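Trainee: Could you take me closely through one part of this model, starting from a single helix and following what packs around that helix, before turning to the open spaces and the neighbouring sheet?

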Amino acid sequence: MRIAVFASGGGSNFQCLLDRVSSGELDVEFAFLLVNNSKCGAVQKAEKAGIKVLHISSKTHGSNDSAESAIVELIKAERIDMIVLAGYMKKLPIELVRKMENKILNIHPALLPAFGGKGMYGMNVHNAVVQMGAQYSGVTIHLVSENYDEGPIVFQDIVKVGYNDSAETVAGNVLAKEHDNYWKVLQGFSQKQITIVGRKVLWEK
Ligand code: GRF
(Lines give C-alpha, C1' and ligand atoms only; values in the text may rest on other atoms or scores of the structure.)
Protein backbone atom coordinates (compact mmCIF):
# COMPACT_ATOMS: atom_id res chain seq x y z
CA MET A 1 0.00 0.00 0.00
CA ARG A 2 1.41 3.34 -1.09
CA ILE A 3 0.63 6.19 1.30
CA ALA A 4 1.04 9.95 1.47
CA VAL A 5 1.38 11.43 4.95
CA PHE A 6 0.10 14.98 5.59
CA ALA A 7 1.44 16.79 8.67
CA SER A 8 1.79 20.27 10.14
CA GLY A 9 3.38 19.67 13.52
CA GLY A 10 6.10 17.84 15.39
CA GLY A 11 5.43 14.59 13.56
CA SER A 12 5.69 12.13 16.45
CA ASN A 13 2.94 9.98 14.91
CA PHE A 14 4.70 10.12 11.55
CA GLN A 15 7.94 9.05 13.27
CA CYS A 16 6.16 6.06 14.79
CA LEU A 17 5.00 4.98 11.35
CA LEU A 18 8.54 5.34 10.01
CA ASP A 19 9.85 3.24 12.91
CA ARG A 20 7.33 0.43 12.36
CA VAL A 21 8.20 0.33 8.68
CA SER A 22 11.89 0.09 9.58
CA SER A 23 11.21 -2.73 12.02
CA GLY A 24 9.25 -4.62 9.35
CA GLU A 25 5.96 -4.55 11.29
CA LEU A 26 4.21 -2.08 8.98
CA ASP A 27 4.04 -2.90 5.33
CA VAL A 28 3.52 0.42 3.54
CA GLU A 29 5.49 2.53 1.09
CA PHE A 30 5.78 6.27 1.73
CA ALA A 31 5.21 8.23 -1.48
CA PHE A 32 5.89 11.59 0.19
CA LEU A 33 5.23 13.79 3.20
CA LEU A 34 3.08 16.83 2.47
CA VAL A 35 3.34 19.81 4.82
CA ASN A 36 1.74 23.24 4.88
CA ASN A 37 4.59 24.60 6.99
CA SER A 38 8.15 23.89 5.91
CA LYS A 39 9.49 24.50 9.42
CA CYS A 40 7.44 21.81 11.14
CA GLY A 41 9.22 18.97 12.93
CA ALA A 42 7.83 16.33 10.59
CA VAL A 43 10.01 17.70 7.77
CA GLN A 44 13.30 16.81 9.49
CA LYS A 45 11.96 13.36 10.32
CA ALA A 46 11.15 12.73 6.66
CA GLU A 47 14.49 14.05 5.47
CA LYS A 48 16.33 11.84 7.94
CA ALA A 49 14.39 8.83 6.66
CA GLY A 50 15.00 9.77 3.01
CA ILE A 51 11.34 10.50 2.27
CA LYS A 52 10.37 13.16 -0.24
CA VAL A 53 8.87 16.31 1.31
CA LEU A 54 6.40 18.55 -0.52
CA HIS A 55 5.42 21.93 0.85
CA ILE A 56 2.09 23.25 -0.40
CA SER A 57 0.45 26.26 1.21
CA SER A 58 -1.00 29.63 0.30
CA LYS A 59 2.55 30.97 0.78
CA THR A 60 4.05 28.65 -1.82
CA HIS A 61 1.09 28.82 -4.23
CA GLY A 62 -0.14 32.41 -3.82
CA SER A 63 -3.60 31.65 -2.45
CA ASN A 64 -5.54 29.01 -0.58
CA ASP A 65 -7.47 28.08 -3.76
CA SER A 66 -4.27 27.52 -5.75
CA ALA A 67 -2.80 25.46 -2.91
CA GLU A 68 -5.92 23.30 -2.79
CA SER A 69 -5.84 22.76 -6.57
CA ALA A 70 -2.17 21.78 -6.35
CA ILE A 71 -2.97 19.16 -3.71
CA VAL A 72 -5.82 17.73 -5.78
CA GLU A 73 -3.60 17.58 -8.90
CA LEU A 74 -0.79 15.98 -6.93
CA ILE A 75 -2.98 13.17 -5.67
CA LYS A 76 -4.41 12.64 -9.16
CA ALA A 77 -0.91 12.40 -10.61
CA GLU A 78 0.49 9.98 -8.02
CA ARG A 79 -0.76 6.48 -7.34
CA ILE A 80 -1.77 6.89 -3.69
CA ASP A 81 -3.79 4.16 -2.00
CA MET A 82 -4.31 6.05 1.22
CA ILE A 83 -3.70 9.52 2.66
CA VAL A 84 -2.67 9.44 6.31
CA LEU A 85 -3.25 12.63 8.28
CA ALA A 86 -0.78 12.90 11.13
CA GLY A 87 -1.48 16.24 12.77
CA TYR A 88 -2.38 18.07 9.54
CA MET A 89 -4.01 21.35 10.54
CA LYS A 90 -5.46 22.53 7.23
CA LYS A 91 -8.93 21.65 6.02
CA LEU A 92 -8.65 19.32 3.03
CA PRO A 93 -10.05 20.36 -0.36
CA ILE A 94 -13.59 18.99 -0.64
CA GLU A 95 -12.80 17.57 -4.08
CA LEU A 96 -10.01 15.50 -2.54
CA VAL A 97 -12.25 14.21 0.25
CA ARG A 98 -14.86 13.12 -2.35
CA LYS A 99 -12.30 11.53 -4.67
CA MET A 100 -10.60 9.64 -1.82
CA GLU A 101 -13.72 8.50 0.02
CA ASN A 102 -12.78 6.04 2.78
CA LYS A 103 -9.13 6.40 1.79
CA ILE A 104 -8.14 9.26 4.09
CA LEU A 105 -7.31 8.33 7.65
CA ASN A 106 -7.13 10.75 10.57
CA ILE A 107 -6.19 10.43 14.20
CA HIS A 108 -8.02 12.50 16.79
CA PRO A 109 -6.90 12.83 20.43
CA ALA A 110 -10.29 12.18 22.10
CA LEU A 111 -13.24 9.82 21.92
CA LEU A 112 -15.34 11.06 19.01
CA PRO A 113 -18.07 12.20 18.63
CA ALA A 114 -17.24 13.97 21.93
CA PHE A 115 -14.63 16.72 21.88
CA GLY A 116 -14.43 16.93 18.10
CA GLY A 117 -15.35 19.41 15.40
CA LYS A 118 -14.08 22.84 14.44
CA GLY A 119 -11.55 24.30 16.89
CA MET A 120 -11.07 20.97 18.65
CA TYR A 121 -7.39 20.31 18.08
CA GLY A 122 -4.23 20.12 20.18
CA MET A 123 -4.51 21.27 23.78
CA ASN A 124 -8.02 22.68 23.16
CA VAL A 125 -9.24 19.09 23.19
CA HIS A 126 -7.50 18.08 26.42
CA ASN A 127 -8.45 21.31 28.20
CA ALA A 128 -12.10 20.74 27.25
CA VAL A 129 -11.96 17.14 28.51
CA VAL A 130 -10.52 18.16 31.89
CA GLN A 131 -12.85 21.16 32.28
CA MET A 132 -15.85 18.94 31.53
CA GLY A 133 -14.79 16.52 34.24
CA ALA A 134 -14.88 13.63 31.77
CA GLN A 135 -13.46 10.50 33.38
CA TYR A 136 -12.28 8.96 30.14
CA SER A 137 -10.66 10.35 27.06
CA GLY A 138 -8.80 8.41 24.41
CA VAL A 139 -7.89 8.13 20.79
CA THR A 140 -10.08 7.84 17.71
CA ILE A 141 -8.77 6.76 14.34
CA HIS A 142 -11.35 7.47 11.67
CA LEU A 143 -11.91 7.93 7.97
CA VAL A 144 -12.35 11.47 6.77
CA SER A 145 -15.70 12.64 5.45
CA GLU A 146 -16.96 16.03 4.36
CA ASN A 147 -17.59 17.25 7.91
CA TYR A 148 -14.85 17.58 10.53
CA ASP A 149 -14.33 14.49 12.69
CA GLU A 150 -17.50 12.75 11.50
CA GLY A 151 -16.29 9.94 9.22
CA PRO A 152 -16.56 6.22 10.06
CA ILE A 153 -14.68 5.25 13.21
CA VAL A 154 -12.10 2.55 12.59
CA PHE A 155 -10.53 2.30 16.05
CA GLN A 156 -10.95 3.73 19.54
CA ASP A 157 -9.20 3.13 22.82
CA ILE A 158 -9.68 4.80 26.16
CA VAL A 159 -7.45 6.71 28.58
CA LYS A 160 -8.61 7.11 32.17
CA VAL A 161 -8.76 10.72 33.37
CA GLY A 162 -8.15 10.89 37.11
CA TYR A 163 -9.09 13.64 39.58
CA ASN A 164 -5.54 14.98 39.65
CA ASP A 165 -4.87 14.80 35.92
CA SER A 166 -4.11 18.03 34.11
CA ALA A 167 -4.73 18.63 30.43
CA GLU A 168 -0.99 18.09 29.95
CA THR A 169 -0.96 14.64 31.58
CA VAL A 170 -4.04 13.62 29.60
CA ALA A 171 -2.32 14.84 26.42
CA GLY A 172 0.74 12.69 27.18
CA ASN A 173 -1.32 9.60 27.94
CA VAL A 174 -3.42 10.03 24.80
CA LEU A 175 -0.36 10.59 22.61
CA ALA A 176 1.16 7.35 23.89
CA LYS A 177 -2.03 5.53 22.85
CA GLU A 178 -1.86 7.17 19.44
CA HIS A 179 1.69 5.95 18.96
CA ASP A 180 0.75 2.41 19.99
CA ASN A 181 -2.17 2.17 17.61
CA TYR A 182 -1.94 4.28 14.45
CA TRP A 183 0.46 1.90 12.76
CA LYS A 184 -1.70 -1.12 13.67
CA VAL A 185 -4.73 0.39 11.95
CA LEU A 186 -2.66 1.24 8.91
CA GLN A 187 -1.33 -2.29 8.83
CA GLY A 188 -4.95 -3.50 8.98
CA PHE A 189 -5.70 -1.52 5.82
CA SER A 190 -2.49 -2.62 4.19
CA GLN A 191 -3.37 -6.27 4.83
CA LYS A 192 -6.97 -5.68 3.65
CA GLN A 193 -8.36 -6.77 7.01
CA ILE A 194 -10.68 -3.77 7.29
CA THR A 195 -13.99 -3.45 5.45
CA ILE A 196 -16.19 -0.36 5.67
CA VAL A 197 -19.92 -1.06 5.73
CA GLY A 198 -21.74 2.29 5.84
CA ARG A 199 -20.53 3.86 9.07
CA LYS A 200 -19.46 0.56 10.55
CA VAL A 201 -16.08 -1.04 10.28
CA LEU A 202 -15.51 -4.76 10.15
CA TRP A 203 -12.07 -6.09 11.21
CA GLU A 204 -11.09 -9.53 10.07
CA LYS A 205 -8.10 -10.84 11.96
C1 GRF B 1 -1.94 14.26 17.55
O2 GRF B 1 -2.36 14.48 18.87
C3 GRF B 1 -3.12 13.85 16.72
O4 GRF B 1 -4.14 13.25 17.45
C5 GRF B 1 -3.61 15.15 16.16
O6 GRF B 1 -2.47 15.92 15.97
C7 GRF B 1 -1.46 15.51 16.87
C8 GRF B 1 -0.22 15.30 16.06
O9 GRF B 1 0.90 15.11 16.86
N10 GRF B 1 -4.40 14.94 14.97
P11 GRF B 1 2.29 14.74 16.19
O12 GRF B 1 2.65 15.88 15.24
O13 GRF B 1 2.14 13.44 15.48
O14 GRF B 1 3.25 14.67 17.34
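**Helix H1 and its surroundings**

Mentor: In this predicted model, helix H1, which spans residues 12-22, has Asn13, Phe14, Cys16, Leu17 and Leu18 among its residues as the buried ones. An α-helix has 3.6 residues a turn, so residues three or four places apart point the same way. With that spacing in mind, one can follow the contacts outward: the buried residues of H1 pack against strand S1 (2-7), strand S2 (29-35), helix H2 (41-49), strand S4 (82-85), strand S5 and helix H7 (167-190). Just after H1 the chain reaches Gly24, whose phi is positive, at about 85°.

These contacts lead into the nonpolar interior. The largest nonpolar core holds 31 residues, and those with the most contacts inside this core are Phe30, Leu105 and Leu186. At least two residues of the core come from each of S1, H1, S2, H2, S4, S5, S6 and H7, with H7 giving the most, 5 residues. Leu186 shows how the pieces meet: leaving aside neighbours within four places in sequence, Leu186 is in contact with Met1, Ile3, Leu17, Leu26, Val28, Met82, Val84 and Leu105. Apart from this core lies another, of 22 residues, which includes Leu34, Ile71, Ile80 and Leu96. As a general background to both, nonpolar side chains in soluble globular proteins tend to be buried together.

A second residue of H7 deserves attention beside H1. Trp183 lies in helix H7, and Trp183 counts as buried because its relative accessibility is 11%, where the cut-off for buried is under 20%. Not counting residues up to four places away in sequence, Trp183 touches Leu17, Arg20, Glu25 and Leu26, and of these Leu17 is one of the buried residues of H1. As for distance, Trp183 and Lys90 are separated by 93 residues in sequence and by 22 Å in space, C-alpha to C-alpha.

From the packed side we can turn to the open spaces. The largest pocket has a volume of about 920 Å³, and of the 38 residues that line this pocket, the closest to its centre are Gly87, Tyr88, Met89, Ile107 and Tyr121. H1 takes part here as well, since at least two lining residues are supplied by each of H1, helix H5 (94-99), S5, helix H6 (123-132) and H7. The largest share of that lining, 4 residues, comes from H7, and by class the lining divides into 17 nonpolar, 15 polar and 6 charged residues.

The second largest pocket holds about 230 Å³ of space. Its lining consists of Met1, Asp81, Met82, Asn102, Lys103, Phe189, Ser190, Lys192, Ile194 and Ile196, with H7 and strand S8 (194-197) each supplying at least two of these residues. By class, this lining has 5 nonpolar, 2 polar and 3 charged residues. Met1 and Met82, which line this second pocket, are also among the contacts of Leu186.

There is also an enclosed space to consider, for the count comes to 1 cavity of 30 Å³ or more, and the largest cavity has a volume of about 70 Å³. The residues lining this cavity include Asn36, Ser57, Asn64, Ile71, Tyr88 and Lys90, and helix H4 (residues 64-77) gives the largest share of the lining, 4 residues. Tyr88 thus appears in the lining of the cavity and also among the residues closest to the centre of the largest pocket.

Finally, the sheet next to S5 can be read strand by strand. S5 (residues 104-108) and S6 pair in the antiparallel sense over 4 bridges, and the bridge partner of Leu105 in S6 is Leu143. S6 in turn pairs with strand S7 (residues 153-160), again in the antiparallel sense, over 7 bridges, with Tyr136 standing opposite Lys160 in S7. S6, residues 136-143, is mostly covered, with 7 of its 8 residues buried. His142 is placed in this strand and counts as buried because its relative accessibility is 2%. The contacts of His142, not counting residues up to four places away in sequence, include Leu105, Asn106 and His108 as well as Ile153 and Val154. Leu105, which touches His142, is likewise one of the residues with the most contacts inside the largest nonpolar core.

Conventions:
Residues numbered from 1 in each chain as written. Predicted model: local features only at pLDDT ≥ 70, side-chain atom pairs only at ≥ 80, totals over all residues. Heavy atoms only, no water. Buried < 20%, exposed > 50% of the residue type's maximum accessible area, 1.4 Å probe, protein only. Pairing = 2+ DSSP bridges. Contact = heavy atoms within 4.5 Å. Core = buried A, V, L, I, M, F, W, Y, C linked by side-chain atoms within 4.5 Å. 1 Å grid on protein atoms, 1.4 Å probe; cavity = no way out; pocket = protein on both sides within 12 Å on 5 of 7 lines; lining within 4 Å. Points joined across faces, edges and corners; volume = space filled by probe spheres on them. Nonpolar A, V, L, I, M, F, W, Y, C, P; charged D, E, K, R; others polar.
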